[in-house]
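Trainee: I am new to this structure and should be grateful for a close look at a single part. Would you please take one strand and explain how it is placed among its partners, and then set it beside a helix?

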Amino acid sequence: MSKVKYYYDPESLSYRKIERKKRKTFAYISVFLLAAFLFSFIIFSIANLYIESPKEKALKRELQNMQLQFGLLNKKMNEAEAVLANVADRDNNIYRVYFEANPIPDEQRKAGFGGINRYKNLEGFDNSELIIETNKRLDILQKQIVVQSKSLDEITVLAEEKEKLLTAIPAIQPVKNEDLTRMASGYGMRTDPFTKVKKMHWGMDFSAQKGTPIYAPGDGIVKRADARSSGYGKHIRIDHGFGYVSLYAHLHKYNVKKNQRVKRGDVIGYVGNTGRSMGPHLHYEIFKDGKRINPINFYYGSLTAEEFSKLLEHASLENQSLD
């Protein structure tokens with residue numbers, strides 16, 4: 001119990017109980033509450049400085065985990081950029097060179113995004129700069145992947161076309177070496193067997209016995225197999241695609257017909273002596289984009305280096321042609 005205090009009243013010659021005034025009581029209470037609040041605030045501040053709350057611990061763990069995950073993400077982006085750079089280098093310097101395609105410039109591969117600010121919604125945060133920079137790297141990386149993907153799609157198409165081209169280009173001698181009597185005449189200025197005047201000989205003459213097989217030098221479609229072309233007699237024309245056409249003249253007979261598809265190595269006809277010809281032989285021409293070109297450059301698929309050297313030597317002689 002609280003102590004009760006008294007005072008002596010000289011007028012009544014008696015002791016009276018000391019009663020505290022309400023205002024004073026209120027003041028005491030206010031001072032006590034203020035002191036208690038200040039004490040609590042000090043204790044709370046000290047606790048905040050040195051003691052972590054469960055929520056703070058959870059947030060700290062979350063922050064540490066985010067930092068770890070960001071470090072891993074950054075490492076993965078570095079690895080992805082390195083791999084993509086290697087692929088881009090091979091794409092430009094190997095694949096596109098081989099398939100005769102123009103390389104893709106780095107400015108196009110690594111270009112950012114112009115126009116509006118794509119990252120405005122990421123501004124105003126504590127780590128906005130870091131977040132924006134990471135998003136920029138991811139966007140550029142994604143764009144590089146798209147560019148590379150399109151490039152590889154193009155390379156795939158070019159590879160398919162290249163394969164078709166390699167099978168279509170006339171690449172073997174139309175008459176086998178063992179069947180040849182001789183390589184009678186080459187491409188260039190030759191003496192005409194009828195007029196004895198020098199004029200342009202637009203093909204190569206392979207002298208062989210009548211009935212010797214003639215082989216398709218590349219895949220294609222037979223466009224003509226008739227005797228309606230002046231001087232050629234019975235002849236065949238094969239469209240190989242890609243601008244290449246081959247012609248076979250003075251045939252004895254055909255082994256194909258118009259619009260027939262042929263493969264390299266197929267027997268298309270037989271050596272003869274029809275048309276404007278001085279003896280059994282095959283007159284062979286190659287056209288590229290409508291212009292006659294020297295067939296000597298189209299035997300890499302069937303001749304050795306030594307055989308080709310001999311053929312080149314004979315083809316270079318300015319002798320008399322057979323047609």
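Mentor: Two strands are said to pair if DSSP finds at least two bridges between them. Strands (E, at least two residues) and helices (H or I, at least four) are themselves DSSP runs, numbered from the N terminus. The model is a predicted one, in which local features need pLDDT of at least 70 and side-chain atom pairs count only at pLDDT 80 or more, while totals for chains, interfaces and linings use all residues. Residues are numbered from 1 along each chain as its sequence is written, and side-chain values use heavy atoms, with hydrogens and water left out.

The strand I propose is E14, which runs over residues 281-288. Seven of its eight residues are buried, meaning under 20% relative accessible area with a 1.4 Å probe and protein chains only (exposed is over 50%, partly exposed in between).

Consider next the partners of E14. Strand E6, residues 204-208, pairs with E14 in the antiparallel sense, and four bridges hold the pairing. Within it, Phe206 stands opposite Leu282 of E14. Strand E10, residues 244-249, also runs antiparallel to E14 and is joined to it by six bridges. Here Ser246 faces Ile286 in E14.

A further antiparallel partner is strand E15, residues 291-293, which three bridges join to E14. In this pairing Phe287 is set opposite Arg292 of E15. E14 and E15 form a hairpin with two residues between the strands, and in that hairpin Asp289 takes a positive phi near 55°.

For the helix, let us turn to H2. H2 has 45 residues, 54-98, and at 1.5 Å a residue it should span 66 Å; its end C-alpha atoms lie 64 Å apart, which agrees. The expected span is 1.5 Å times one less than the number of residues. H2 nevertheless bends by about 40° at Asp91, the bend being the angle between axes fitted to the seven residues ending there and the seven starting there. Asp91 is also one of the buried residues of H2, along with Met77, Leu84, Ala88, Asn92 and Arg96. What covers these buried residues includes helix H3 (106-109) and helix H4 (128-168). After H2 comes Glu100, whose phi is positive, near 55°.

Conventions
Contact means heavy atoms within 4.5 Å.
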